[in-house]
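Hi everyone, thanks for making time for this. I'd like to walk you through one structure, a piece at a time, so please have it open in front of you.

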Amino acid sequence: MRKQLIVLLTLLISLVSFSIDYEISTIDIKGNREVPMEVIKGNLRSKIGDKYSTDNMVIDYKNIKNLSYIEDITIYPQLDNDKIRLIIEIKEEKDVVNLLKKESILPMSERVKVDKSLIISSIDIFGNLHISKEEILKQIPIKVGSFFSKAKILEGQRNLINTGHFRDVNPEVYKYGEGISVQYSLEENQVITGIKIQGNTKYPTEDLTKLIQSEPGEIYNINTLIDDKDRILKKYHEDGYTLAKIANIDLNNNMELVITLSEGIIRSIEYKKMVTKQKGSRRQSNNNLLKTEDFIIERELEIKEGQVFNQKDYDQTVKNLMRSGSFKNIQPEYKNIPGDLDGVKVVMLIDEDRTAMLQGAISYGSSVGLVGSISVKETNYKGRGQNFGFSFEKSSDDYTSLTLSFKDSWIKDTDFVSWGWNVYRQEDENDESYDHYDSTVHGGTISIGKGLSRYLRFELGLKLERVEEDNEDGDHTQDYNYASITPSVVYDTRNNYLDPTSGKYAKFSVESGHYFGTTVGSEYGTDAGINGDDEAFAKATLELRKYHQGFFKGNTMAYRMVGGIGTDSLKYQQLYSAGGGNSMRGYDSGSFRGQKQLVFNFENRTQLNEFFGIVLFYDVGRAWYSGNSTDDFVDDSQGDFLDDIKQSVGLGLRIKTPIGPIRFDFGFPVGDSDESGMQFFFNMGQMF
């Protein structure tokens, strides 16, 4: 009575719990010791691959319960990954062996091994309509006249199922006298009358049909369909449509094979902060909020709502965002939309980097002494992708510099339009120095740019400066003003503006200006050149950079070339300058000046871990002055480039800190009889 109650309760639960259509994935038979598994399956209406039905389960219960060799049975469904696992537990009658023999069924205990006393007298095939008996027998490893073997009979069953032609295969064994008759009852799959592909928008149906092997007039084959599915998805995935999937493959009422695709159409794109828990910190209520405004992210998107998701476009989107240096990590989440077979929601989890930096630097040069600097920089000002900075430098030898700058690299609601400005004051009044003019410079620049493509842009800059100079004796030499205009073209494919590991950078600019308001003092004569009074000047500058992976992962090769040429009318402050922490690291800042320059920098950068990196560098080149200048401060730079080329080598250390990356460089001149010893530079970020 208790068993019947359990069965009734199980049936009641199944009626309520599994009213939705689920496919039967597995039929597990438990408790059978003598009754062959295929005999039980042969009495079931429920089949693997069918939609689960409580009606069929009731019929199966009755059919098996009524078998003479079965004392009791329990059937219950189990939900497993959106499919039904049908579990059948049986209890055999005590005299099950004799009862099976009365039904001409060979008990399991007599079928375990090859029984040389039992000879297979016949192999019969039933249910085949389109597959010939000869083809079927090729899959069965037993032959008429051979000894009986249960293992080989079941192997034949597996072989036939694995061909993909059959929906069900049930072998049965009957004993007639001294012989054994083996019968395979087959249920073939239906014959395909046509093929339909639906849901495809990226490729024509004709192109997808050419990829598959299933054809009208052939039997519906599971193995072939799996291969067809893989071929279609391979086409989509190779072209970047990685969210495409086969939503369903089935036969309709007309026995047409219908393949339904879900290509993965983007319904919405969301941006969320990637919350990372830090040791010792408490999570605040605004920890889920991004600082960066949505329009900054949206203008970098290569993926669009309403379009089929493409991984290549998404990867390019991430590259676009990472180039800004405002983000540390970006990971995607793809969410299905209930009731929307084709739709997907893309969620971008964004880990923002620190963009507000307090920077400090210390360096030393014979012309300026010990220099300390401090700067405040924000590269994502108010989350709008703008750069705002303030810097102050002061040396032990009365060198002072003050700069305030701003740049919006992409003005909101424009097509790659940028603008920026900076104002500055620089004062150098070292009365004990005989290396350069004492000077005071006030100036400012304003620029506007237009992106011609993702990597190419045009910029136009305007500059206005006031320069006051004294010679080494403190006598007034010359005051002047000048205004210039600088058009430039920039090509930039770096993967990160602040610390690139791959990509290229090129900039070509031409500055054309005019001096005015010049007051000539005793030290300036009428000769051409920096000692002259020509009013117009021009200079052209080309800078090239390249980055790529070095000898191993985490190792980067970096190269830079800076070349320039100017007119003889350039005054001292507008000459090219070589030497220092951002040029030739074995020499003081501004050691070489002239209206021509050519400098090469080579670096091998190795990131040791999350915080530390080392750099080996080699710098070669100089700035030089062509002509006969009467100015003492460019005497060392006169001559041809190859006559006195300068070289330096060194070692650098890079440390990532909460206030930004710190750079230590130790440079040594090479092959220079006039210079020896080490130059030390302390600054922020990579040199280039």
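Before we start, one definition: when I say helix or strand, I mean a run assigned by DSSP, with at least four residues for a helix and at least two for a strand, numbered from the N terminus. Please also keep in mind that this is a predicted model.

With that in hand, let's go to Met 255, which sits in the loop between strand 9 and strand 10. Its phi is near 60 degrees, a positive value in a residue other than glycine. Why point that out? Most residues other than glycine have a negative phi. Is Met 255 buried, exposed or partly exposed? With a relative accessibility of 26%, Met 255 is partly exposed, because that class lies between the 20% and 50% cut-offs.

There is another residue to set beside Met 255. Asp 413 is in the loop between strand 17 (399-408) and strand 18 (417-428). Asp 413 also has a positive phi, near 65 degrees, and is not a glycine. Its relative accessible area is 75%, so Asp 413 counts as exposed.

Back to the strands on either side of Met 255. Strand 9 and strand 10 (residues 256-262) run antiparallel and are joined by six bridges. If you want one pair to look for, take Ile 249, whose bridge partner in strand 10 is Ile 259. For those of you new to this, strands of a sheet pair through backbone hydrogen bonds, and they can do so in a parallel or an antiparallel way.

Now zoom out a little. Which order do the strands take in this open sheet of three? The order is 8-10-9, and the pairing is mixed. At the edges are strand 8 (194-198) and strand 9, each of which pairs on one side only. From one strand to the next, the twist averages 15 degrees.

Strand 9 also takes us to a pocket. The second largest pocket holds about 1500 Å³ of space. It is lined by 42 residues, and the closest to its centre are Glu 23, Ile 48, Gly 49, Asp 50 and Ile 222. Several elements give two or more residues to the lining, including strand 1 (23-30), helix 6, helix 8 (222-238) and strand 9. What mix of residues makes up this lining? There are 18 nonpolar, 11 polar and 13 charged residues.

Helix 6 was one of those elements, so let's look just before it. Ser 149 lies in the loop between strand 5 (147-148) and helix 6 (150-162). Ser 149 has a relative accessible area of 7%, so it counts as buried. The side chain of Ser 149 reaches the backbone nitrogen of Lys 152 at 3.3 Å.

Next, please scroll along to strand 13 (residues 340-352). Strand 13 pairs in the parallel sense with strand 11 (residues 265-273), over eight bridges. Here Lys 273 has Ile 350 in strand 13 as its bridge partner. Strand 13 also pairs with strand 12 (residues 327-337), this time in the antiparallel sense and over 10 bridges. In that pairing, Asn 329 is matched with Asp 351 of strand 13. Strand 12 and strand 13 form a hairpin with two residues between them, and Gly 339 in the turn has a positive phi of about 80 degrees.

My last stop is strand 28 (residues 612-624), where we find Asp 619. Is Asp 619 buried or exposed? Asp 619 is buried, because its relative accessibility is 0%. Which side chains does the Asp 619 side chain contact? One is the side chain of Arg 585, in a polar contact at 2.9 Å. Another is the side chain of Asn 601, also a polar contact at 2.9 Å.

Strand 28 has pairing partners, too. With strand 27 (residues 596-607), strand 28 pairs in the antiparallel sense over 12 bridges, and a hairpin of four residues joins strand 27 to strand 28. Leu 598, for example, has Arg 622 in strand 28 as its bridge partner. Strand 28 also runs antiparallel to strand 29 (residues 646-657), with 10 bridges joining them. There, the partner of Val 620 is Gln 647 in strand 29.

That's my tour. Thanks for listening, and I'm happy to take questions.

Definitions and conventions. Residues are numbered from 1 along each chain as its sequence is written. This is a predicted model: local features need pLDDT of at least 70, side-chain atom pairs count only at pLDDT 80 or more; totals for chains, interfaces and linings use all residues. Side-chain values use heavy atoms; hydrogens and water are left out. Buried means under 20% relative accessible area, exposed over 50%, partly exposed in between (1.4 Å probe, protein chains only). A polar contact is a pair of N or O atoms within 3.5 Å; within protein, one must be able to donate a hydrogen and the other to accept it, and residues adjacent in sequence count only if both atoms are side-chain atoms. On a 1 Å grid over the protein atoms alone, a cavity is a set of points where a 1.4 Å probe fits but cannot get out, and a pocket is an open set with protein on both sides within 12 Å along at least five of seven lines; lining residues have an atom within 4 Å of a point. Grid points are joined across faces, edges and corners, and a volume is the space filled by probe spheres set on the points. Ala, Val, Leu, Ile, Met, Phe, Trp, Tyr, Cys and Pro count as nonpolar, Asp, Glu, Lys and Arg as charged, and the others, Gly among them, as polar. Two strands pair if DSSP finds at least two bridges between them. Axes are lines fitted to C-alpha atoms, for helices over the stretch in contact, and angles run from 0 to 180 degrees between N-to-C directions.
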